[in-house]
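Student: Could you take me through one part of this protein slowly, and then show me how the rest is arranged around it? I would like to begin with one charged side chain and work outwards.

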Amino acid sequence: MNVEWFLNKKEMIVTIYETNMTFNTSAANHFKDSFSTIVGFDVKNNCLLVKPVTKKEVDDRNLRDDELHTMSIKPSYGRINGKQLIKTLCYYYPIDFNNKKAHKYYCNWSTDENLLKIFLEREVE
């Protein structure tokens, strides 16, 4: 018998709504020990970047409260709330919420940079 067994590969997915970003368990697990997160945009690659930060990093880098985004971690997902955050994202990469309330994107964890890269040009269909 010649069998090819299937892997149980868990893809990381982030769903962006008009008011928040929801991370599936595979993506959220990278943030479970973080104090907070910082969020940015890679203009060259059209990637949303989410980086976990520790309390020490916040103090050492003199990060202000308005630069930090709290991620709530639940057993099956993580979430960053913030309508203004999504509006800022849409300034860099327009997302149409009129026809579709939720947009799902593939993402990858970068071990070298210690951050999650959300590929806005790779929407889950």
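What is the relative accessible area of glutamate 67, and does that make the residue buried or exposed, or something in between?

Tutor: Please keep in mind from the start that this is a predicted model. Glutamate 67 has a relative accessible area of 29%, which makes this residue partly exposed. The reasoning rests on two limits, since buried means under 20% and exposed means over 50%, with partly exposed in between.

Now look at what the side chain of glutamate 67 does: together with the side chain of arginine 64 it makes a salt bridge, with 3.9 Å from N to O. That pair counts because the rule asks for a nitrogen within 4 Å of a carboxyl oxygen. Arginine 64 is partly exposed as well, at a relative accessible area of 48%. The pair does not stand alone, for salt bridges with shared partners link Arg64, Asp66 and Glu67 into one network. As a general point, side chains of opposite charge can pair when their charged atoms come close.

In the whole model the count comes to six salt bridges, and helix α2, which covers residues 55-60, holds two that are worth setting side by side. In one of them, lysine 55 meets aspartate 59, and the closest N and O atoms are 3.3 Å apart. In the other, lysine 56 meets aspartate 60, with the closest N and O atoms 2.7 Å apart. Lysine 55 and aspartate 59 are four residues apart in the helix, which is about one turn, and the spacing of lysine 56 and aspartate 60 is likewise four residues, about one turn. Their surroundings can be read from the accessible areas: lysine 55 is partly exposed at 44%, aspartate 59 is partly exposed at 43%, while aspartate 60 and lysine 56 are both exposed.

From the charged pairs we can turn to the strands. Eight of them form an open sheet in the order β3-β4-β8-β7-β1-β2-β6-β5, and the pairing is antiparallel. The strands at the edges are β3 (36-42) and β5 (71-73), and each has a single partner strand, so one side of each is left without a neighbour in the sheet. Direction ignored, neighbouring strands of this sheet are turned by 25° against each other on average. In general, strands of a sheet pair through backbone hydrogen bonds, either parallel or antiparallel.

Let us walk along that order from the β3 edge. Strands β3 and β4 run antiparallel and are joined by seven bridges, with isoleucine 38 opposite lysine 51 in β4. These two strands make a hairpin with four residues between them, where asparagine 46 takes a positive phi near 50°. Of the seven residues of β4, six are buried, so this strand is largely enclosed by the rest of the structure.

On the next step, β4 (residues 47-53) pairs with β8 (residues 115-123) in the antiparallel sense over four bridges, and leucine 49 stands opposite lysine 117 in β8. Strand β8 also pairs in the antiparallel sense with β7 (residues 103-110), here over five bridges, and tryptophan 109 has leucine 116 in β8 as its bridge partner. A hairpin is formed by β7 and β8 too, with four residues between them, and asparagine 114 in its turn has a positive phi of about 55°. Further along the order, β1 (residues 12-16) and β2 (residues 20-24) run antiparallel and are joined by three bridges, with threonine 15 opposite threonine 22 in β2.

Two details of side chains complete the picture. Histidine 103 is found in strand β7 and counts as buried at 7% relative accessibility. A polar atom of the histidine 103 side chain lies 3.3 Å from the backbone oxygen of lysine 100. Leaving aside residues up to four places away in sequence, histidine 103 touches several residues, among them Val14, Thr15, Ile16, Phe97 and Glu123. Lastly, the model has four aromatic pairs, and tryptophan 109, whose bridge partner we met above, belongs to one aromatic cluster with Phe23 and Phe31.

Key
Residues are numbered from 1 along each chain as its sequence is written. This is a predicted model: local features need pLDDT of at least 70, side-chain atom pairs count only at pLDDT 80 or more; totals for chains, interfaces and linings use all residues. Side-chain values use heavy atoms; hydrogens and water are left out. Two strands pair if DSSP finds at least two bridges between them. Axes are lines fitted to C-alpha atoms, for helices over the stretch in contact, and angles run from 0 to 180 degrees between N-to-C directions. Buried means under 20% relative accessible area, exposed over 50%, partly exposed in between (1.4 Å probe, protein chains only). A polar contact is a pair of N or O atoms within 3.5 Å; within protein, one must be able to donate a hydrogen and the other to accept it, and residues adjacent in sequence count only if both atoms are side-chain atoms. Contact means heavy atoms within 4.5 Å. Rings of Phe, Tyr and Trp (its six-membered ring) pair if their centres lie within 6.5 Å; planes under 30 degrees apart count as stacked, over 60 as edge-to-face and the rest as tilted.
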